[in-house]
Amino acid sequence: MNDHLSDAGTLAAPAAVDVPAVLAACHGRLLEREGIAMFVALDDARPGGDLRVGDVTALSDGARAAELLDGYYAGLEAVGFPAQYPDEPDETGARELIDALVVLSDQHLRAHVDGEVTS
Amino acid sequence: MSILTKDYQRQAFADGKLLRIVNWHNTPESQRGVLKAELSWYLDHYVPLLPEDLDRFTDTGEWHLPKPGFIPVFYDSYLNNATVAAPVCDELGLTAWFFPTTAILDVPPEEQSAYAEKHDFTILDEERDQAAYAMTWDDLAVIAKRHVIAAHTANHAAAKDIVTPDDVEREITAPIRALTELTGVAPAAFAFLYGTPPDPATPAGRAVLDSGIRYATTNTAYLRIKD
């Protein structure tokens with residue numbers, strides 16, 4: 001989905017254009033036996049907790065991830081958030097968000113070693 | 001704001017509260033080379049994170065690491081996590097996090113197939129001929145010497161199915177106690193099936209929040225819940 005191989009699997013990679021196609025590719029992978037890369041939040045949920053991040057790299061990476069998440073969420077929203085198993089109930093309570101994170105993580109975190117290894 | 005909303009997630013990222021994780025379930029022998037290549041790729045780009053690193057970040061807002069961090073995670077007590085994933089991680093000098101479901105560790109091999117059918121434990125076609133599909137407590141003890149152990153209920157239970165005091169004891173309290181006895185330390189994190197966040201208004205959520213465990217692991221966040 002991007003041709004910038006040196007940046008593949010990082011936040012520096014350009015945003016994917018065909019967002020539904022990326023999600024469809026993720027749905028088609030054998031996730032039971034593959035690593036599922038995911039960007040998630042890391043937060044302080046202790047009573048009275050208030051995490052304030054000063055780490056420059058974390059702030060820069062987070063800003064880029066937020067920008068990309070906006071685009072991928074909108075890209076899926078535009079096609080009605082196609083479900084992998086439309087007849088099954090959503091047990092997560094956040095299917096649309098998770099699908100947008102799946103696209104984000106597939107494009108900007110998942111290891112890119114395709115074609116380099118035979119097993 | 002619920003953590004299960006796009007607005008929360010976006011704001012958390014924009015505020016620098018971003019974590020990279022990679023979740024595995026089955027790690028069959030046929031994928032050993034792929035797993036090693038992928039973990040090597042991650043190691044080239046990121047630093048494996050320990051619970052202490054998350055503690056420091058959530059206390060100070062600073063990572064203090066030479067590269068961004070990531071957490072390699074292996075779920076559900078698959079035997080191939082003990083025979084493939086852990087050895088590959090050891091070979092690479094990488095510390096991973098393991099979230100075992102504990103009940104299957106006591107299920108005799110000849111009963112594991114039937115157990116798997118009822119508890120979302122996937123037996124791969126390529127492993128159907130194996131004598132056993134799950135690791136043992138002894139396997140987990142070996143893994144615990146070099147890796148982080150977290151809790152994932154006894155029977156791969158969803159939060160919504162943990163209702164009574166007996167449910168809480170069986171799926172939350174007892175697994176945490178057993179893993180603590182095995183490793184000498186409380187599990188670093190707890191995750192329900194389906195990655196549900198712990199809701200303090202439910203028996204299951206309240207039990208996790210009161211368990212003394214430091215992190216609640218959900219589909220969309222790692223939440224520091226205890227000092």
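**Exercise 1.** Find which residue of S8(B) stands opposite Ala41(A), and work out in which sense S1(A) and S8(B) pair.

*Solution.* Start at Ala41(A), which stands opposite Ala221(B) in S8(B). Then follow the two strands, which are DSSP runs of E with at least two residues, just as helices are runs of H or I with at least four, all numbered from the N terminus. S1(A) and S8(B) pair in the parallel sense over four bridges, where pairing requires that DSSP finds at least two bridges between the strands. The model is predicted, and local features need pLDDT of at least 70, side-chain atom pairs count only at pLDDT 80 or more, while totals for chains, interfaces and linings use all residues. Residues are numbered from 1 along each chain as its sequence is written, and chains are lettered from A and ligands numbered from 1 in the order in which they are written.

**Exercise 2.** Describe what chain B brings to its contact with chain A.

*Solution.* Count residues whose C-beta atoms, placed from the backbone, lie within 7 Å of each other: chain B gives 53 and chain A gives 47. Next, assign elements: H1, S1, H2 (32-45), H3 (51-60) and S8 (221-224) of chain B each supply at least two residues of the side that touches chain A, and the largest share, eight residues, comes from H2(B).

**Exercise 3.** Locate the buried residues of H1(B) (residues 6-14) and what covers them.

*Solution.* Gln9(B), Arg10(B), Ala12(B) and Phe13(B) are buried, that is, 20 or more other C-beta atoms, placed from the backbone, lie within 10 Å of their own. Seen down the axis of H1(B), these residues fall within an arc of 160° (taken from the directions from the helix axis to the C-beta atoms), so they line one face of the helix. Their cover includes S1 (36-44), H2 (56-77) and H3 (95-108) of chain A, together with S1 (18-24) of chain B.

Key. A residue is buried if 20 or more other C-beta atoms lie within 10 Å of its own, exposed if 12 or fewer, and partly exposed in between; C-beta atoms are placed from the backbone. Two residues are in contact if their C-beta atoms, placed from the backbone, lie within 7 Å.
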